[in-house]
Amino acid sequence: MPLLAPHLLPLLPFLSLLSLLLVTGTGVSPPSPKVLPRGCYIAEEAGEQTFRCSRAGLSTVPNGIPNDTRKLYLDANQLASVPAGAFQHLPVLEELDLSHNALVRVSGAAFQGLEGTLRHLDLSANQLASVPVAAFMGLQIQVNLSANPWRCDCALQEVLRHVRLAPGSGTGIVCGPGARPDLVGQEFLLLTREEELCGTGRGGTRRSTDVALLVTMGGWLTLVVAYLIHYVWQNRDETRRPVKRVPLVQPMRSEDSSTLSTVV
Ligand SMILES: *[C@@H]1O[C@H](CO)[C@@H](O)[C@H](O)[C@H]1NC(C)=O
Ligand SMILES: *[C@@H]1O[C@H](CO)[C@@H](O)[C@H](O)[C@H]1NC(C)=O
């Protein structure tokens, strides 16, 4: 205090308040370096670590989700896409709710790292016309895909072969405006009972022409190989024969040539 210049004395209360603020400020921040995103909170629900960020106005997957989270609720936000590895730092995540967002794109590696743990995934009530089947590879999950504008093509049929649907959520998978005109508004599961979208038929014409091409090429290859084998065998016979005949033929020829030469 004696060091303080006299003209700064009137500022003393203000300075002490400032230092107090700084001390308490720095005293508070170190114990919680992970500042939770606004509108998010941690809870323990039925003994499971739960992270809730419902209706938090999020447009991206937030940072700072604790790595022991088992249930994650990101529903009712404005998420537009799920990038690759978005949840790979959550090694015990079992349940993920992404419903009621604005999702138009889900990366093929969106759920990478969750293969051993994720059981429930809610993608309902978004803007998805399709999701890559790769996103579900290796996962043992139950998904809710209802209330999205699905394109209802082979890709969706493939997805449904790799996942189980949440009970009763199948009727909510309805074809959206991006689908074939005669499918728009139709329930996808009823549709796929009658039509195979990945095999032959209108949806699978490209695949069937590919198969036809493959069969034709296979046929040609077999013919070429058969001919080559035949050719090699024949040549083997021909190369054997002259070796035995040469001694028999040689003297006759020399005789012939000698007679010929004498004639000439
Ligand atoms: C979470 O991270 C901490 C520190 O990096 C680590 O010690 C702990 O094992 C992790 N927990 C899980 C469930 O992976
Ligand atoms: C699936 O999602 C729809 C729309 O969000 C919801 O109404 C329904 O209850 C969900 N079903 C299940 C089994 O989670």
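Which cysteine does a disulfide join to cysteine 154? Let's start there, everyone. The partner is cysteine 198, with an S to S distance of 2.2 Å. Please keep in mind as we go that this is a predicted model.

Cysteine 154 sits in helix H2, while cysteine 198 is in the loop between H3 and helix H4 (205-263), so this disulfide ties together parts that lie 44 residues apart in sequence. The S-S torsion here is about 110°, so we call the link right-handed. The two ends differ in their surroundings: cysteine 154 has 21% relative accessibility and therefore counts as partly exposed, whereas cysteine 198, at 4%, counts as buried. The cut-off for buried is under 20%, which is why cysteine 154 falls on the other side of it.

Now, how many disulfides does the count come to? The count comes to 3, so let me walk you through the others, remembering that a disulfide is a covalent bond between the sulfur atoms of two cysteines.

Cysteine 152 is joined to cysteine 175, with the sulfur atoms 2.1 Å apart. Its torsion about the S-S bond is about -100°, so this disulfide is left-handed. Here too the link is between distant parts of the chain: cysteine 152 comes from the loop between strand E8 (142-144) and H2, and cysteine 175 from the loop between strand E9 (164-165) and H3, 23 residues apart. Both of these cysteines, 152 and 175, are buried.

Then there is the pair of cysteine 40 and cysteine 53, where the S to S distance is 1.9 Å. Cysteine 40 belongs to the loop between helix H1 (12-28) and strand E1 (41-45), and cysteine 53 to the loop between strand E2 (48-52) and strand E3 (71-73), a separation of 13 residues. This link is right-handed, with 120° about the S-S bond, and both cysteine 40 and cysteine 53 are buried.

If you number the bonded cysteines in sequence order, the pairing reads 1-2, 3-5, 4-6.

On to the nonpolar core. The largest one has 45 residues, and those with the most contacts inside it are Phe87, Leu98, Phe111, Leu121 and Phe136. Helix H2 (154-162) and helix H3 (188-194) each supply at least two residues of this core, and H2 gives the most, with 3. Let me zoom in on phenylalanine 136. Setting aside neighbours within four places in sequence, phenylalanine 136 is in contact with Phe111, Leu121, Leu123, Val131, Ile141, Val143, Val159 and Val163.

Next, what surrounds ligand 2? The residues are His100, Ser124, Asn144, Ser146, Ala166 and Pro167. For those of you who like polar contacts, a polar side-chain atom of asparagine 144 lies 2.3 Å from an oxygen atom of ligand 2. For serine 124, a side-chain N or O atom is 2.7 Å from a ligand 2 oxygen, and for serine 146 the distance from a polar side-chain atom to an oxygen of ligand 2 is 3.2 Å.

Finally, a word on confidence. The chain averages a pLDDT of 81, and 72% of the residues score at least 70. Over residues 1-5 the pLDDT is below 50, and beyond near neighbours in sequence that stretch has 3 contacts in the model. Residues 253-264 are also below 50, with 0 such contacts. Thanks for listening, and I'm happy to go back to any part of the model with you.

Technical notes:
Residues numbered from 1 in each chain as written. Chains lettered and ligands numbered in written order. Predicted model: local features only at pLDDT ≥ 70, side-chain atom pairs only at ≥ 80, totals over all residues. Heavy atoms only, no water. Core = buried A, V, L, I, M, F, W, Y, C linked by side-chain atoms within 4.5 Å. Buried < 20%, exposed > 50% of the residue type's maximum accessible area, 1.4 Å probe, protein only. Helix = DSSP H or I, 4+ residues; strand = E, 2+ residues; numbered from the N terminus. Contact = heavy atoms within 4.5 Å. Disulfide = S-S within 2.5 Å. pLDDT = per-residue confidence, 0-100. Near = heavy atom within 4 Å. Polar contact = N/O pair within 3.5 Å; in protein donor to acceptor, adjacent residues only side chain to side chain.
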